[in-house]
Every structure is written in C-alpha cells, then in structure tokens.
Amino acid sequence: MPRTTWRNGGAALLGAVALCLCHVPPLGAMEILGQAGVLGEWELTGHLTESGPDARKQFSGPLKMKHVGICAQDGPEERAGEIRLQLTGADSQVTAELVLDGAPCTYSARKTHNYEGTLSCEGRAPVPLLVWLK
C-alpha cells in the first residue's frame with residue numbers, strides 16, 4: 001500500500017474520531033422521553049443533567065409536554081416546565097417532582113421495559129405516564 005494512501009486514510013479516520021468526540025454528551029446526562037394520558041395523547045421530552053453530588057442518581061432539567069392527540073384544533077397545546085428525578089433500587093424505580101406551567105406534579109414508577117407510573121398534578125386527575133430514559 002502506498003504511503004500517501006495510508007496517510008490520507010489515517011487522517012480521515014483521525015478526523016472522524018475527533019468529530020465524534022465533539023458530540024459526546026457530558027457524563028451524568030440523559031434524555032427523557034414519555035407518553036402521558038390514557039391514550040398516550042401527551043408527548044414528554046427533556047434533557048437532564050446530574051444534579052446530586054451523592055450516589056443517589058439525581059437529575060434535573062427543562063421539560064416539554066406536547067399534546068399530540070387529534071382533538072387540538074388550533075395546533076398542539078404545549079406546556080413547559082422543570083423536572084427533578086431520582087433513580088433508586090439499582091435503577092428499578094424512579095420518583096420525580098415536576099412543575100408544568102406553574103403546577104406542581106409528582107411521578108413515581110417502577111421499571112418494566114420502561115418506567116410505568118402515574119403523573120399526579122395539583123388540581124387534576126392522575127394520568128398514566130410511561131417514561132424512557134436514554
């Protein structure tokens with residue numbers, strides 16, 4: 001193999017590795033995805049970062065909920081808020097405190113294929129919430 005071919009290929013590989021390293025999420029960060037409501041009519045998304053100094057696996061960050069059901073006539077309703085989430089029991093259980101458009105909410109779930117639990121917000125009926133953490 002000619003030396004220039006290896007040199008060009010090596011440079012391309014090194015460039016690709018450098019590009020990948022630029023997009024590595026910070027340690028202690030995760031994405032949260034979810035579906036809330038009896039029919040999964042609300043989509044939940046957010047990016048969380050580690051917020052606790054101890055080993056209790058605490059995360060927090062901004063959160064968005066978007067109504068994806070077919071009932072919205074003026075476009076999808078959206079709610080913004082914050083979440084504080086804690087993983088316990090070898091990550092088999094999650095508890096969270098949320099504030100959505102100023103309303104305090106709580107969430108508690110156990111892990112099956114995802115986290116299945118109930119979202120309870122002040123002044124509203126509790127609704128099922130499925131959560132995936134990536």
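How many bridges join strand S2 to strand S3? Seven bridges do the job, linking S2 (residues 42-50) and S3 (residues 58-67), and the two strands run antiparallel. This is a predicted model, where local features need pLDDT of at least 70 and side-chain atom pairs count only at pLDDT 80 or more, while totals for chains, interfaces and linings use all residues. Residues are numbered from 1 along each chain as its sequence is written, and side-chain values use heavy atoms, with hydrogens and water left out.

**The barrel**

- Eight strands close up into a barrel, in the order S1-S2-S3-S4-S5-S6-S7-S8, with antiparallel pairing.
- From one strand to the next, the twist averages 25°; for angles like this, axes are lines fitted to C-alpha atoms (for helices over the stretch in contact), and the angles run from 0 to 180 degrees between N-to-C directions.
- A strand here is a DSSP run of E with at least two residues (helices are runs of H or I with at least four), numbered from the N terminus.
- Two strands count as paired if DSSP finds at least two bridges between them.
- As a bit of background, strands of a sheet pair through backbone hydrogen bonds, either parallel or antiparallel.

**Strand S1 and its partners**

- S1 pairs with S2 in the antiparallel sense over eight bridges, and Gln-35 has Glu-43 in S2 as its bridge partner.
- S1 and S2 make a hairpin with five residues between them, and Gly-37 in the turn has a positive phi of about 105°.
- S1 also pairs with S8, again antiparallel, this time over five bridges; here Ala-36 stands opposite Leu-129 in S8.
- Look along S1 and you'll see side chains alternating: Met-30, Ile-32, Gly-34 and Ala-36 point to one face and are buried, while Ala-29, Glu-31, Leu-33 and Gln-35 point to the other and are not.
- Buried means under 20% relative accessible area, exposed means over 50%, and partly exposed is in between (1.4 Å probe, protein chains only).
- Back at the S2 and S3 pairing, Leu-44 stands opposite Met-65 in S3.

**The disulfide**

- There is one disulfide, a term that stands for a pair of cysteine sulfur atoms within 2.5 Å.
- Cys-105 and Cys-121 form this disulfide, with their sulfur atoms 2.0 Å apart.
- The torsion about the S-S bond of Cys-105 and Cys-121 is about 105°, so the disulfide is right-handed.
- Cys-105 sits in strand S6 (residues 103-111) and Cys-121 in strand S7 (residues 115-121), so the pair ties together parts that are 16 residues apart in sequence.
- Both Cys-105 and Cys-121 are buried.

**Salt bridges**

- Searching the whole structure turns up three salt bridges; each is a side-chain nitrogen of Lys or Arg within 4 Å of a carboxyl oxygen of Asp or Glu.
- Lys-134 pairs with Glu-31 in a salt bridge, the closest N and O atoms being 3.9 Å apart.
- That pair links distant parts of the chain, 103 residues apart: Lys-134 is in the segment after strand S8 (127-133), and Glu-31 is in strand S1 (residues 29-36).
- Lys-134 is exposed at a relative accessible area of 60%, whereas Glu-31 is partly exposed at 26%.
- Glu-97 forms a salt bridge with Arg-84, with the closest N and O atoms 2.1 Å apart.
- Glu-97 lies in strand S5 (residues 93-100) and Arg-84 in strand S4, 13 residues apart.
- Glu-97 counts as partly exposed at 44% relative accessibility, while Arg-84 counts as exposed at 53%.

**Two residues of S4 to click on**

- Arg-79 lies in strand S4 (residues 78-88) and, at 18% relative accessibility, counts as buried.
- Arg-79 forms a salt bridge with Glu-77, the closest N and O atoms being 3.2 Å apart; Glu-77 is partly exposed, with a relative accessible area of 40%.
- Leaving out residues up to four places away in sequence, Arg-79 touches Trp-42, Leu-63, Lys-64, Met-65, Asp-101 and Arg-124, where contact means heavy atoms within 4.5 Å.
- Leu-85 is also in strand S4, and it counts as buried at 3% relative accessibility.
- Leu-85 and Lys-57 are 28 residues apart in sequence, yet 8.3 Å apart in space from C-alpha to C-alpha.
- Not counting residues up to four places away in sequence, Leu-85 touches several residues, including Ile-32, Leu-48, Phe-59, Val-94 and Leu-133.
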